[in-house]
Amino acid sequence: MQAVVYERTGGPEVLTVREVPDPEPGEGALLVDVEAAGVNFRDVYEREGRRPYTATPPAVIGVEGAGTVAGTGERVAWLDVRGSYATRVAAPRDKVVPVPDGVDTDVAAAAMLQGCTAQYLVSESYPVAEGDWVVVHAGAGGVGLLLTQLVRARGGHVLATTSTGEKAELARAAGADEVVVGYEGFPERVRELSGGVGAAVVYDGVGRTTFAAGLTALRPTGRMILYGAASGQPEPLELHSLAGHGSLYVQRPTLATYTRTPELLRTLAGAVLDHVAAGRLDVRIGGRRPLAQAREAHEDLEARRTTGKLLLLP
Ligand SMILES: NC(=O)c1ccc[n+]([C@@H]2O[C@H](COP(=O)([O-])OP(=O)(O)OC[C@H]3O[C@@H](n4cnc5c(N)ncnc54)[C@H](OP(=O)(O)O)[C@@H]3O)[C@@H](O)[C@H]2O)c1
């Protein structure tokens with residue numbers, strides 16, 4: 001089968017697409033023909049050798065995708081199966097979820113990791129309530145577009161941030177009430193829009209360039225949820241500063257916690273795929289590339305050239 005393999009031989013990492021033996025599904029695993037694999041920031045970190053993302057090289061990269069079980073034709077999707085940038089993957093049975101009728105397989109692949117993230121952010125990290133003002137950074141990104149829709153579905157108002165006017169249009173189409181282009185001045189703007197109160201929550205996947213300002217955007221006892229760091233890690237936080245900003249809460253969540261058992265994964269992914277099947281959640285596939293262009297796909301993501309989900313098609 002064809003797969004994208006990363007290797008390190010002393011110098012910088014190398015990503016190659018080559019023929020490798022089919023994976024052998026062990027006890028309780030399924031052999032799946034991959035229809036689409038999701039590209040995520042964690043894959044960039046895996047390629048770069050960052051812990052805990054990396055396996056011992058040489059290894060097949062990627063963790064997200066959807067496809068059909070060889071032999072049965074059952075359609076399944078997953079968000080945490082190593083070796084997903086490939087034509088075939090061996091997926092533990094308790095790491096896959098069924099793709100409901102009415103949801104295309106590539107859409108299911110696109111919805112899994114970022115959709116489940118958006119879902120736990122709005123329901124668990126901070127359960128958004130009717131009338132809340134919410135800041136969504138990188139509002140045209142994979143998580144951002146889904147998060148905005150889910151916040152709006154719960155009756156919240158969204159101030160999104162993006163780097164360009166074009167991306168701002170996408171954020172607006174997903175339901176953002178207001179978009180700040182360029183990340184400057186969003187705390188003042190959300191305070192204005194909320195009648196001087198401030199945001200109930202800031203969902204921050206950008207990190208270094210947004211975190212400190214985000215703390216000043218929150219209402220008293222508001223929540224700063226730092227779920228990613230696309231621009232790099234923020235400066236260390238002096239905990240006592242949370243008092244001065246209005247007794248704030250801070251969380252650094254990870255999807256692994258919210259999918260740590262097969263039941264949690266099934267419930268979370270089931271909720272997301274149900275939203276998609278019912279037409280309540282629009283999953284934007286912003287780009288599709290063949291497996292052979294995995295490197296270019298990573299460069300697109302790192303250079304902020306993507307919107308919504310980027311897929312690799314074996
Ligand atoms: N904790 C979790 O459970 C979890 C789960 C999924 C993802 N994540 C993390 O969440 C973050 C967003 O993930 P995603 O997949 O939805 O990505 P994404 O939003 O589709 O892409 C990242 C976006 O961040 C913005 N950005 C701002 N500064 C940037 C910079 N210096 N370099 C690159 N991008 C920058 C860009 O949008 P603009 O051009 O509009 O600025 C870019 O398109 C990532 O850090 C990811 O690792 C965490």
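This briefing walks through the ligand site, the two domains and the strand pairing of the structure above. Keep in mind that this is a predicted model. The chain is assigned two domains, domain 1 (2-113 + 257-313) and domain 2 (129-252), and the shell around the ligand takes at least three residues from each of them. The ligand is well covered: the protein buries 90% of the 900 Å² that the ligand exposes when taken alone.

**Around the ligand**

- Start with the head count: 27 residues surround the ligand, and Gln 114, Tyr 120, Ser 163, Lys 167 and Tyr 183 are the closest.
- By residue class, the shell around the ligand splits into 13 nonpolar, 10 polar and 4 charged residues.
- Lys 167, one of the closest residues, puts a polar side-chain atom 2.7 Å from an oxygen atom of the ligand.
- The backbone joins in at Tyr 227, where an N or O atom lies 2.7 Å from a nitrogen atom of the ligand.
- Leu 255 also uses its backbone, with an N or O atom 2.8 Å from an oxygen atom of the ligand.
- With those contacts in view, here is the burial figure again: of the 900 Å² exposed by the ligand alone, the protein buries 90%.
- Which elements give two or more residues to the shell around the ligand? They are helix H1 (41-48), helix H2 (105-125) and helix H3 (142-153).
- H2 is the top contributor to that shell, with 4 residues.

**Two domains**

- Domain 1 comes in two stretches, 2-113 and 257-313, while domain 2 covers 129-252.
- How far apart are the C-alpha centres of domain 1 and domain 2? The distance is 28 Å.
- The domains do touch: 13 residues of domain 1 are in contact with 14 residues of domain 2.
- Both domains also meet the ligand, since the shell around the ligand draws at least three residues from domain 1 and at least three from domain 2.

**The E2-E1-E4 sheet**

- Three strands make an open sheet in the order E2-E1-E4, and the pairing is antiparallel.
- Why do E2 (14-19) and E4 (59-60) each have a side without a neighbour in the sheet? Both strands stand at the edges and have a single partner strand, so one side of each is left free.
- E1 (residues 2-7) and E2 run antiparallel and are joined by 6 bridges.
- Two of the residue pairs are easy to pick out: Gln 2 has Glu 19 in E2 as its bridge partner, and Ala 3 is partnered by Arg 18 in E2.
- E1 and E2 also form a hairpin, with 6 residues between the two strands. Look in the turn for Gly 10, which has a positive phi of about 95°.
- On the E4 side, E1 is held by 2 bridges, again antiparallel. Tyr 6 has Ala 59 of E4 as its bridge partner.

**Parallel pairs around E13**

- E12 (residues 199-204) and E13 (residues 218-226) run parallel, with 5 bridges joining them. Here Tyr 203 stands opposite Ile 225 of E13.
- E13 pairs with E14 (residues 249-251) too, in the parallel sense and over 3 bridges. For a pair to look at, Met 224 stands opposite Val 250 in E14.
- Put together, E13 pairs in the parallel sense with E12 and with E14, whereas E1 runs antiparallel to E2 and to E4.

Technical notes: Residues are numbered from 1 along each chain as its sequence is written. This is a predicted model: local features need pLDDT of at least 70, side-chain atom pairs count only at pLDDT 80 or more; totals for chains, interfaces and linings use all residues. Side-chain values use heavy atoms; hydrogens and water are left out. A residue is near a molecule or strand if one of its heavy atoms lies within 4 Å of it. A polar contact is a pair of N or O atoms within 3.5 Å; within protein, one must be able to donate a hydrogen and the other to accept it, and residues adjacent in sequence count only if both atoms are side-chain atoms. Accessible areas come from the Shrake-Rupley method with a 1.4 Å probe; for residues, only the protein chains shown count as cover. Ala, Val, Leu, Ile, Met, Phe, Trp, Tyr, Cys and Pro count as nonpolar, Asp, Glu, Lys and Arg as charged, and the others, Gly among them, as polar. Domain bounds come from an automatic or database domain assignment. Two strands pair if DSSP finds at least two bridges between them. Contact means heavy atoms within 4.5 Å.
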